[in-house]
Amino acid sequence: MATTEYDVIVIGAGPVGENVADGVVRGGLTAAIVERELVGGECSYWACMPTKALLRSASALRAARHLPGAREAVRGVLDVAAVLGRRDSFASHWQDDGQVSWLESAGIALHRGQGRISSARVVEVTGVDGVTKTLTARHAVVVATGSSALLPDIPGLREAVPWSSREAASASSVPRRLAIIGGGVVAAEMATAFAALGSSVTVLARDGVLPSAEPFAGELVTDSLLEAGVSVRLGAEAVAVNRDDSGTVHIKTASGERVEADEVLVAIGRTPNTQDIGLDRVGLAPGAWLAVDDTLRVVGGGKWLYAAGDVNRRVLLTHQGKYQARAVGDVIVARAKGEKVEDGRWGRHAATADERAVPQVIFTDPEIASVGLTATAAEAAGIRIRVVDYDLGAVAGASLHADGYKGHARMVVDEDRKVIIGFTLAGPDVAELIHAATIAIVGEVPLDRLWHAVPAYPTVSEVWLRLLETYGR
């Protein structure tokens, strides 16, 4: 077996792994990346990009239909084939040539195959041909293997061959009837997408729709799904699944209800891709999430082992994983060169934003954009808060944006420090508005100073002024 040595070895070539390797190389070290599937990872081919492409055309059509003049110009319906074709282009037709070329241009070595840690700083890579090669890291090994859809132990479910988020994102056709088990982000977005594409959608939301968001967000999205013809079964729990000889899926709920569908999508959570990466060789549990410190070094894994992205369970979002990756790349370089490690709160090498400044956009109708803590989470953390709400549809810019604009805004204020610690917007096209709140929270901008940040009129951003007025000077 040939042995190859690098400064850093990264297992997983998704956005997180790519950013770790890029940071390491930019810092003057050498890096190799190991990937068993497509370079670019889940986000590029089965999540962020293709799913948003599925949603975007319907979103644009809805926007046009809410504007007199534009509404009259819209004569037809969505061209499903064109939507799927655009989705395919954003998924690069499930080919990773472009991503591989980028790795080459960045000076990052690629080794295809299943990577397994065999001992400290040693990774064995088994290719599809069964040949194994050994890679050795001088400084660090980074696990960036991400996560996969969690499949619950519901009788008959596995035999029914359900969709996960992957199958939903890459579907070559639209099922006439789609049942979705789950009510979180993936479930809500795919219900929105497939209903717009013509499916008759049923959502079995045991814990409600968007249960981790502010309550008004889930309520608005639920109302919108119902208006779109989606059957939303709040509190419904699937207890048995069967696919008959004709291909029809039969789902039984705990209350005795029965749902029939042509496909069933399971979207109830994620599980870490750590089952077969050699964790047992270094005293860690295969299949477990990897606990890390603030510099993303694996707890109990030695000073050479790091984990970034979904696999450490801090935040399961691509942009937050890339944020972690930048911190990991920088800290590995610093430690390799004997430089000072800045691992204090908001330090260069600490992923502090994971704690209380995580932004997220849910591309439903309406869009939900949030950052920081919900009111419930803030109270659970023992923070003395004040919640300030405002009708987003009452802002002048919103009424110009669309007739009948419906939305809501909430800011959560830390009353002891007089800074914002949470912010949620629900409404059409609010995604691009959330970064202002992210900056306010990360910068811990005092409310007294925010009064001097004057929003342009007439924009939807005027909601900042209305929220501050509601709070009071």
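Arginine 345 and glutamate 355 form a salt bridge in which the closest N and O atoms are 3.4 Å apart. The two residues lie 10 residues apart, with arginine 345 in the loop between helix 10 (318-336) and helix 11 (353-356), and glutamate 355 in helix 11. The model is a predicted one, and it holds 31 salt bridges. This briefing covers three of these pairs, then helix 1 and two individual residues.

**The pair Arg345 and Glu355**

- Arginine 345 counts as exposed because its relative accessibility is 53%, and exposed means over 50%.
- Glutamate 355, at 41% relative accessibility, counts as partly exposed.
- Both residues belong to a network of salt bridges with shared partners, which joins Arg345, Glu355, Asp414, Arg417 and Glu444.

**The pair Asp389 and Arg410**

- A salt bridge connects aspartate 389 with arginine 410, and the closest N and O atoms are 2.7 Å apart.
- Aspartate 389 is in strand 19 (residues 385-391) and arginine 410 is in strand 20 (residues 408-414), so the salt bridge ties together parts that are 21 residues apart in sequence.
- Arginine 410 has a relative accessibility of 16% and therefore counts as buried, the limit being under 20%.
- Its partner, aspartate 389, is partly exposed, with a relative accessible area of 28%.

**The pair Arg62 and Asp365**

- The side chains of arginine 62 and aspartate 365 meet in a salt bridge with an N to O distance of 3.3 Å.
- This pair links distant parts of the chain, 303 residues apart: arginine 62 belongs to helix 3 (residues 48-65), while aspartate 365 sits in the loop between strand 17 (359-362) and strand 18 (367-372).
- Arginine 62 has a relative accessible area of 23% and is partly exposed.
- Aspartate 365 is likewise partly exposed, at 24% relative accessibility.
- As a general point, side chains of opposite charge can pair when their charged atoms come close.

**Helix 1**

- Helix 1 comprises 12 residues (residues 15-26), which should span 16 Å at 1.5 Å a residue.
- The C-alpha atoms at the ends of helix 1 are 16 Å apart, in agreement with that expectation.
- Of the 12 residues of helix 1, 9 are buried, so the helix is largely enclosed by the rest of the structure.
- The buried residues are Pro15, Val16, Gly17, Glu18, Val20, Ala21, Asp22, Gly23 and Val24.
- Glycine 28 follows helix 1 and has a positive phi, near 100°.

**Histidine 111**

- Histidine 111 is located in strand 3 (residues 109-112).
- With a relative accessible area of 8%, histidine 111 is buried, because that value is under 20%.
- Leaving aside neighbours within four places in sequence, histidine 111 is in contact with Tyr6, Ala32, Ile33, Val34, Glu35, Val125, Lys133 and Leu135.

**Alanine 187**

- Alanine 187 has its place in helix 8 (residues 185-196).
- Its relative accessibility of 2% means that alanine 187 counts as buried.
- Residues up to four places away in sequence not being counted, alanine 187 touches Ile180, Gly182 and Ala267.
- A distance of 27 Å separates the C-alpha atoms of alanine 187 and histidine 401, which are 214 residues apart along the chain.

Technical notes
Residues are numbered from 1 along each chain as its sequence is written. This is a predicted model: local features need pLDDT of at least 70, side-chain atom pairs count only at pLDDT 80 or more; totals for chains, interfaces and linings use all residues. Side-chain values use heavy atoms; hydrogens and water are left out. Helices (H or I, at least four residues) and strands (E, at least two) are DSSP runs, numbered from the N terminus. The expected span of a helix is 1.5 Å times one less than its number of residues. Buried means under 20% relative accessible area, exposed over 50%, partly exposed in between (1.4 Å probe, protein chains only). A salt bridge is a side-chain nitrogen of Lys or Arg within 4 Å of a carboxyl oxygen of Asp or Glu. Contact means heavy atoms within 4.5 Å.
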